[in-house]
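Q: Here's a structure I'd like to go through with you, one part up close. Keep it relaxed, but walk me through the contacts and the packing.

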Amino acid sequence: MNIEYSENNTKIIDGYKYTNAEIEKTIDEIIVNRKELGLPVTRTKSSYVSEWKTHNRLYKLGYQRNRTKDVD
């Protein structure tokens, strides 16, 4: 899994490839990693999960795939 971290963003490359179970686990890891890197965590786990699942739904529907394939 390719994840890019910056001060105000976390980007999951090709997020559409991952299942709901993988999303839940990965979000836990992202929150831990952001804290370890000294980066702010400004959203709840639920918020991260909802956005990722929404991106995946839109991707599956064919909506702006170039924008919905990655999650940030």
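Leaving aside its neighbours within four places in sequence, which residues is I3 in contact with? And from there, which residues of helix 2 are buried?

A: Bear in mind that this is a predicted model. I3 sits in strand 1, which runs over residues 3-6. Once you skip the neighbours within four places in sequence, I3 touches T10, K11, I12, T26 and I30. With a relative accessibility of 23%, I3 counts as partly exposed. Its C-alpha is 9.5 Å from that of V71, although the two are 68 residues apart in sequence.

K11 and I12 turn up again with D70, whose contacts beyond four places in sequence are K11, I12, I13, D14, G15 and H55. D70 belongs to the segment after helix 3, and it is buried because its relative accessible area is 12%, under the 20% cut-off.

H55 takes us to helix 2, where the buried residues are Y48, V49, W52, H55, N56 and Y59. These buried residues span an arc of only 125° around the axis, so they lie on the same side of helix 2. The spacing makes sense if you recall that an α-helix has 3.6 residues a turn, so residues three or four places apart point the same way. On the other side of helix 2, S46 and R57 are exposed. As for what covers the buried residues, that includes strand 2, helix 1 and helix 3.

The helix itself, residues 45-60, looks regular in length: at 1.5 Å a residue its 16 residues should span 22 Å, and the end C-alpha atoms are 23 Å apart, which agrees. Just after helix 2, G62 adopts a positive phi of about 85°.

Now for the rings: searching the whole structure turns up 2 aromatic pairs. One is Y16 with Y59, with centres 4.0 Å apart and planes at 20°, so this pair is stacked. It bridges distant parts of the chain, as Y16 is in the loop between strand 2 and helix 1 while Y59 is in helix 2, 43 residues apart. Y59 is buried at 14% relative accessibility, whereas Y16 is partly exposed at 26%.

The other pair is Y18 with W52: the centres are 6.2 Å apart and the planes at 75°, so it is edge-to-face. Here too distant parts of the chain are linked, Y18 being in the loop between strand 2 and helix 1 and W52 in helix 2, 34 residues apart. W52 is buried, with a relative accessible area of 0%.

Finally, back at Y59, the charged end of R65 sits over the ring, 4.2 Å from its centre.

Note on methods
Residues numbered from 1 in each chain as written. Predicted model: local features only at pLDDT ≥ 70, side-chain atom pairs only at ≥ 80, totals over all residues. Heavy atoms only, no water. Helix = DSSP H or I, 4+ residues; strand = E, 2+ residues; numbered from the N terminus. Buried < 20%, exposed > 50% of the residue type's maximum accessible area, 1.4 Å probe, protein only. Contact = heavy atoms within 4.5 Å. Expected span 1.5 Å × (residues − 1). Arc of directions from axis to C-beta. Phe/Tyr/Trp six-rings, centres within 6.5 Å; stacked < 30°, edge-to-face > 60°. Lys NZ or Arg CZ within 6 Å of the ring centre and 35° of its normal.
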